Amino acid sequence: MPHPPPLVVIKSEQTVITHRELGWTPFCFSSTVMKVVLIAAVVALIHIHNAATLLIKGPTQPVLEGQSFTLECLTSDDSELNISRVHFEVFSQYTKRWHPVGQRSWCFYTMQVERTEDSLSLSVLRAGRSSEGPYRCVYDGHNATAADVASPLLEIYVHYMGELSLTRKGYSSYFGAPAELKVRPGDDLVLSCSASSSEEPTYLWNKEGDDWFLPSSTLTLEKITATDEGQYTCTAKHPSVESLSKKRSISITVLSKDARWYESSNGRLLLMTSTAAASLLVFVVSMSVLLWRRAQSAKTCKGPIDDRSQKKPMYRSSVESLPSSTCADHQPLV
């Protein structure tokens, strides 16, 4: 027995669609809902069309630190926007706000703005870390609509790598590691190298004259002997840009067993730290004693009392007691 055909019922306000063979449940499509969907689609098309009236062009690949790049603001062919009312803006990651970019801005001293009849260009002469961020073109005309105010965002990435720093475990990174390190036999030494980079760099340690390489940012030498003496180099490489690499070398000298304690780098650092701490302590004690003596002398020593007013007799209606009076009494009060 064949299946019955789909049942379709048409009413004035809604349409009910069922399918007995597939077991569909009824769906209701209101005419009001259809109108809302149609209006939303038209608004979306208009928004997309207007959003393209202001465009921004620039590099789509990351820029290398120190290189130059150019951004350009353009208007679409059917746009009536005046390019003279357009300016660049960049989003700051520190203030979390959009800031206008101009040639006179002190924090963008490496930028130049050039305006023509139909375009606006921004040239960054030397790209740096401060050059990163999303850029956009903004129209500040009074007759601009919400879609015409700003262009789509253009993200600028800069590949960079800072200087390589060496630190010694157990010591503050403020002092760093000297170019020459003198250690005593049997000491343990841990050196670490690091560099600020747009991407996490790869590190490599090696010793001059040897053929071994250590793929790590940390070099550990335990129970140092005379064979560990030599020059060690740490190399940092950018994972995406081969030309970005930094090197830092340190020379390690192993002292003899009978060397004095202050000849080593540890002894010298301890001696300098102790001397600075002792000088600071002497200064603090001297100032405390000086201030204490001044406070004691101020309590015990009092100045002479000016009693000239007691030695000089006063008269009633005298000039001293009544400055505005014209007559004087020569009879003393005391």
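Which cysteine forms a disulfide with Cys73, and how far apart are their sulfur atoms? In this predicted model, the partner is Cys137, and the two sulfur atoms lie 1.7 Å apart. A disulfide is a covalent bond between the sulfur atoms of two cysteines. The torsion about the S-S bond of Cys73 and Cys137 is -90 degrees, which makes the link left-handed. Cys73 belongs to strand 6 (residues 69-75) and Cys137 to strand 11 (residues 133-139), so the bond ties together parts of the chain that are 64 residues apart in sequence. Cys73 has a relative accessibility of 0% and therefore counts as buried, the cut-off being under 20%. Cys137 is likewise assigned as buried, because its relative accessibility is 0%.

A search of the whole structure returns 2 disulfides. Besides the link between Cys73 and Cys137, a disulfide joins Cys193 to Cys234, with an S to S distance of 2.0 Å. About the S-S bond of Cys193 and Cys234 the torsion is about 50 degrees, so this disulfide is right-handed. The pair connects distant parts of the chain, with Cys193 in strand 16 (residues 189-194) and Cys234 in strand 20 (residues 230-237), 41 residues apart. Cys193 counts as buried at 3% relative accessibility, and Cys234 is buried with a relative accessible area of 0%. When bonded cysteines are counted along the chain, the disulfides of the protein follow the pattern 1-2, 3-4.

The secondary structure of the protein consists of 3 helices and 21 strands. Strands of a sheet pair through backbone hydrogen bonds, either parallel or antiparallel. One open sheet is formed by 5 strands in the order 15-21-20-17-18, and its pairing is mixed. Strand 15 (180-183) and strand 18 (213-214) occupy the edges of this sheet; each has a single partner strand, so one side of each is left without a neighbour in the sheet. Strand 15 runs parallel to strand 21 (residues 245-254), to which 4 bridges join it. Within strand 21, Val254 stands opposite Val183. Strand 20, which contains Cys234, stands between strands 21 and 17 in the order of the sheet.

Strand 16, the element that holds Cys193, takes part in further pairings. Strand 14 (residues 165-168) pairs with strand 16 in the antiparallel sense over 4 bridges. In this region, Ser194 of strand 16 stands opposite Ser165. Strand 16 also pairs with strand 19 (residues 218-221), again in the antiparallel sense and over 4 bridges. Leu219 in strand 19 is the bridge partner of Leu191.

For the protein as a whole, 27% of the 334 residues count as buried. Of the contacts between residues at least 6 apart in sequence, 58% join residues at least 24 apart. The exposed area of the protein is about 23700 Å², of which carbon and sulfur atoms supply 57%.

Definitions and conventions
Residues are numbered from 1 along each chain as its sequence is written. This is a predicted model: local features need pLDDT of at least 70, side-chain atom pairs count only at pLDDT 80 or more; totals for chains, interfaces and linings use all residues. Side-chain values use heavy atoms; hydrogens and water are left out. Two strands pair if DSSP finds at least two bridges between them. Helices (H or I, at least four residues) and strands (E, at least two) are DSSP runs, numbered from the N terminus. A disulfide is a pair of cysteine sulfur atoms within 2.5 Å. Buried means under 20% relative accessible area, exposed over 50%, partly exposed in between (1.4 Å probe, protein chains only). Contact means heavy atoms within 4.5 Å. Accessible areas come from the Shrake-Rupley method with a 1.4 Å probe; for residues, only the protein chains shown count as cover.
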